[in-house]
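Work through the exercises below with the structure open beside you. Try each task before reading its solution.

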Amino acid sequence: MNRDLALGLLERLRVAQLRLAAVALIVMMCVTVVDVFLRYVFNSPIRASYDLVEAMMVLFVFNGMSTAFLQRRNIVIDLVDSIAARGAVQFLIRLSDLLTIFALGLFIYAMFTPALQSYGYGERKLELGLPIWILWAVALIGIAGAALCALAAFLLPAISRRDEPLE
Amino acid sequence: MSASSIGAIGVIALFAMLFLRVPVWIALTLVGFVGNAIMSGLAPTFALAGTVPFDVGSAYTLSVVPLFVLMGEVASETGLSSDLFKAAKVMLAGVRGGLAVGALAASACFGAVCGSSVATAATMTRIALPEMRKAGYDAGLASGSLAAGGSLGILIPPSIILVIYAAIAEQSVPRLFAAGLVPGLALTGLYMMVAVAVANWRKSYAPASDGLPWRVRLAAIKGPWQFLALFVITIGGIYAGVFSPTEAASIGAFGAIVIGFAGRRLSISHLLRSIENTVAICGVLFVIVFGANLFSFFMVQTQLPSLLAQGAHALNLSGPAVMALIIVAYIVFGCFLEGIGMVLITVPVFLPLVKQFGYDPVWFGVIVVIVVEVGLIHPPVGLNLFVIQAHAPDIKITSIYRGIVPFLLAPLVLIVLMFLFPQIALWLPRALYG
């Protein structure tokens, strides 16, 4: 598989994850608004709104990260950019890309055990009745997608802020 | 090696990584992970690293963050800020420096809904700077008032930084939102006093404009009614105990979308852009919170904050002296650390120390946000200053530096006032929640 094809596929993955996170955000907002409306107007709130918001949070948080990783939006202190040589800065950006992949890999590895435990114990959301292992699976798939997007960032040129045109 | 020494090495390693351009979340994660592994072994550390992201990512209390960010993003797209500035301009017609004061008032109101300093500074610069320059305002005064006004967005509730602080310091979000209101309004007033003082001190900086009848002024307030409704419903709802912060944020975001569409100020493409920005902003925020949690566990184990407290006692330092040192440290950190990163890195270290000296964590939260605000506007690296220069490249950065200097007095005066009268921050939360 050539580099451009891989980058194109990973960009599609990012967009798909972004859309999933966007849908989760809208659902979270609408469920809460409807819940408040039904509670105050008809005294009949949505029973599982709390659980639903928590479930949507998992979808939102773990799928929302990919854009930050692929577009290298994570917060850095870029003081060194103004004092170090361009090559040194590019090396540091590459190093950060590698550390990002490593740290995400660390989280994925660490999350497997509690995810399996959740499956084994058969834990469920109290009101929604949703098995919690499904949320763990969503989280793991989301963070794996973010790791792939971080890998894509590693394939992209290392550009520091001073190389970008001023807004 | 003692636990505290390991903690100190961890903090040094953290800062070294930050200076080497390692993203804040990775520096926190790696130092937190390695530190916890040294302190308590690999297996418990993996257990911690496995549960922290899921606990943070499924926390109902943190759902308030994306929803308030969405509200701010939509409010930015709908042009509510323009109505606010127009109303403030008419209200203050005839006052020397009125446009600068109007920009500050509009920034405070818009920042309250938006919650982001940079977005407030950028939006208000686009709207108010051309008018101020057309009216013959000095570039320094104009840019200084806009930079200062932009920083108000993170103190006046809803404030994302206060939500993040609440999560890391285990404090109540409504209580912190209540605590931020009076200092936020006080800071707005202080900034206005600075603007009027500068305008009257150097009359050429702000030519006087013609006054308007009161009938016209009062009519102008009707312009931004949607904004007032949004603020009263969301923040008023939290204060009155009608809504939880998540409910208020959902209603605020939904209300901003409805107002936008009803007034034909918001299109589907604007809304999609707002949602996309919200996802991207929160993607950055939540990974930092993952890392900060790991780092926080590490700090607790090292007992470094206790050691700092013991050191302070050994040196016979009083509470105010320790707080003064902490504030100086924050101002120094503000030279190179971004606001939320600064809160997440420093609060686990400083908060236990602050508590030991008998200060209220809610009061400290407000102090932290004020010093973060100072970091956003103090030369040479205040982010808001660069935001303004990015929108007005013809204004020299040295003019912006000159313009912001008098405004720096205002937050410092407020900090002193909050030391002397902690009730400035604590009165409202106590009145509302006991």
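The exercises that follow deal with a predicted model, first with the contact between two chains and then with a pocket.

**Exercise 1. Describe the contact between chain B and chain A by its residues and its buried area.**

Solution.
- Step 1. Count the residues on each side: chain B gives 55 and chain A gives 58.
- Step 2. State the area: the two chains bury about 5100 Å² between them, and 81% of this lies on carbon and sulfur atoms.
- Step 3. Find the main contributors on chain B: B:Arg21, B:Phe54 and B:Tyr60 supply 17% of the area that chain B buries against chain A, more than any other three residues.

**Exercise 2. Find the salt bridges between chain B and chain A, and explain why the pair A:Arg39 and B:Glu247 joins two chains.**

Solution.
- Step 1. Start from the total: the structure holds 12 salt bridges over all chains, and the count between chain B and chain A is two.
- Step 2. Take B:Arg21, whose side chain meets that of A:Asp81 in a salt bridge at 2.6 Å, N to O. To qualify, the nitrogen must be within 4 Å of the carboxyl oxygen.
- Step 3. Take A:Arg39, which forms a salt bridge with B:Glu247; their closest N and O atoms are 2.2 Å apart. A:Arg39 lies in helix α1 (residues 3-42) of chain A and B:Glu247 in helix α13 of chain B, so the pair joins two chains.

**Exercise 3. Which elements make up the side of chain B that touches chain A, and how do its residues divide by class?**

Solution.
- Step 1. Count the polar contacts: seven residue pairs, both residues at pLDDT 80 or more, are in polar contact between chain B and chain A.
- Step 2. List the elements of chain B that give two or more residues: α1 (3-19), α2 (24-40), α3, α4 (64-78), α13, α14 and α19 (383-391).
- Step 3. Pick out the largest share, which is the 13 residues from α14(B).
- Step 4. Sort the residues on this side by class: 40 are nonpolar, 11 polar and four charged.

**Exercise 4. Describe the second largest pocket by its volume and its lining.**

Solution.
- Step 1. Give the volume, about 810 Å³.
- Step 2. Look at the lining of 37 residues: B:Ala167, B:Ile168, B:Ala169, B:Glu170 and B:Asn293 are the closest to the centre of the pocket.
- Step 3. Assign the lining to helices: those of chain B that supply at least two residues each include α9 (160-169), α10 (173-201) and α14 (268-302). The largest share, six residues, comes from α14(B).
- Step 4. Sort the lining by class: 24 residues are nonpolar, 10 polar and three charged.

Key. Residues numbered from 1 in each chain as written. Chains lettered and ligands numbered in written order. Predicted model: local features only at pLDDT ≥ 70, side-chain atom pairs only at ≥ 80, totals over all residues. Heavy atoms only, no water. 1 Å grid on protein atoms, 1.4 Å probe; cavity = no way out; pocket = protein on both sides within 12 Å on 5 of 7 lines; lining within 4 Å. Points joined across faces, edges and corners; volume = space filled by probe spheres on them. Helix = DSSP H or I, 4+ residues; strand = E, 2+ residues; numbered from the N terminus. Nonpolar A, V, L, I, M, F, W, Y, C, P; charged D, E, K, R; others polar. Contact = heavy atoms within 4.5 Å. Buried area = accessible area lost by both parts, 1.4 Å probe. Polar contact = N/O pair within 3.5 Å; in protein donor to acceptor, adjacent residues only side chain to side chain.
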